[in-house]
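Visitor: I am new to this structure. Can you walk me through the reasoning behind its labels?
Guide: Gladly. Let us look at it together.

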Amino acid sequence: MLELRDISFQVTDENDATNKEILKNVNLKVDDRFVAITGPNGGGKSTLAKIIAGIFRPTSGQILLDGVDITNMSITERARAGISFAFQQPVRFKGLTVKDLITLAAGKDINISQACSYLSEVGLCAKDYINREVNASLSGGELKRIEIAMIMARGTKLSIFDEPEAGIDLWSFNNLIQVFESMHEKINGSILIISHQERILNIADKIVVVAGGQIKNVGTKAEVLPDLLGTSEACSTLMDKIV
Ligand SMILES: Nc1ncnc2c1ncn2[C@@H]1O[C@H](COP(=O)(O)OP(=O)(O)O)[C@@H](O)[C@H]1O
Ligand SMILES: [Mg+2]
């Protein structure tokens, strides 16, 4: 279980040397299998994800994973402790094949059929992809799915995805949602996903709304969506669409 205690994050503006508070006293417990973070652009969602993954250190506050204080752990130590992070933009690794990446992610020698099974999980035909180089010939949607296969191979306690829908076309997006829906059933750890997509919010066990550097709301979709949408009328229309 991940717990954020009173996390604040300040940066100093280079122009006028004033402090800008990006996150303010964030308290959050992630003990559900599928948690969605949503909220307006610039609200602090990506910063929060980077603080959890250890890319940024909080100015104050504590981060605990299964009761262990990981606040001062590096990215690598946190990865070892069980946190995986998928970036908002997929990374391309020149010269490495899909099999190399999945083996690296698994952290041990895995045989070809195990590597292929992760690709099948994310809806890619394994024989077409396993020996392909991860380069510009792969589409955004394919890269996203390979990245998810890597995260599944890693099998960590907490997998963080920052707007996985970004930069992929609608067709790939629909397939990606199916991957997340099936991951929800299969993954052993928790998934923390930043998204604006109704279909992602719809499968979340818990929705967290982050705006203005603070947590504005936390709860199930039935508890959070009416507030998120402002009026109950708008909500019932949306609920009809997504339930
Ligand atoms: N290292 C940084 N230095 C200065 N401002 C930053 C830094 N990181 C993020 N910000 C600012 O913090 C706010 C929150 O950003 P971000 O976490 O990316 O929001 P979101 O992911 O919700 O869109 C934005 O106003 C952004 O410009
Ligand atoms: Mg962001």
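Guide: This is a predicted model. Start at helix α3, residues 98-106. Val-98, Leu-101, Ile-102, Thr-103, Ala-105 and Ala-106 are buried there.

Visitor: What makes Leu-101 in α3 count as buried?
Guide: Buried means under 20% relative accessible area. Leu-101 is listed as buried in α3, so its value falls under 20%.

Visitor: Which helices do the buried residues of α3 pack against?
Guide: They pack against α4 (112-121), α5 (126-129) and α6 (140-154). Just after α3, Gly-107 takes a positive phi of about 75°.

Visitor: How do you know that β1 and β2 pair?
Guide: Pairing needs at least two bridges. Eight bridges join β1 (residues 2-12) to β2 (residues 19-30), so the two strands pair. They run antiparallel. Val-11 stands opposite Lys-20 in β2. Six residues lie between the strands of this hairpin, and Ala-17 has a positive phi near 55°.

Visitor: What makes β1 and β4 a pair?
Guide: The bridges again. Five of them join β1 to β4 (residues 60-65), so the cut-off of at least two is met. These strands also run antiparallel. Leu-4 stands opposite Ile-63 in β4.

Visitor: How many helices and strands does the protein have?
Guide: The protein has 10 helices and 10 strands.

Visitor: Why is the protein called as compact as a globular protein of that length?
Guide: Its radius of gyration is 18 Å, and the globule rule gives 18 Å for 243 residues, so the description fits. Buried residues make up 48% of the 243 residues.

Technical notes: Residues are numbered from 1 along each chain as its sequence is written. Chains are lettered from A and ligands numbered from 1 in the order in which they are written. This is a predicted model: local features need pLDDT of at least 70, side-chain atom pairs count only at pLDDT 80 or more; totals for chains, interfaces and linings use all residues. Side-chain values use heavy atoms; hydrogens and water are left out. Helices (H or I, at least four residues) and strands (E, at least two) are DSSP runs, numbered from the N terminus. Buried means under 20% relative accessible area, exposed over 50%, partly exposed in between (1.4 Å probe, protein chains only). Contact means heavy atoms within 4.5 Å. The radius of gyration is taken over C-alpha atoms; the globule rule is 2.2 Å times the number of residues to the power 0.38.
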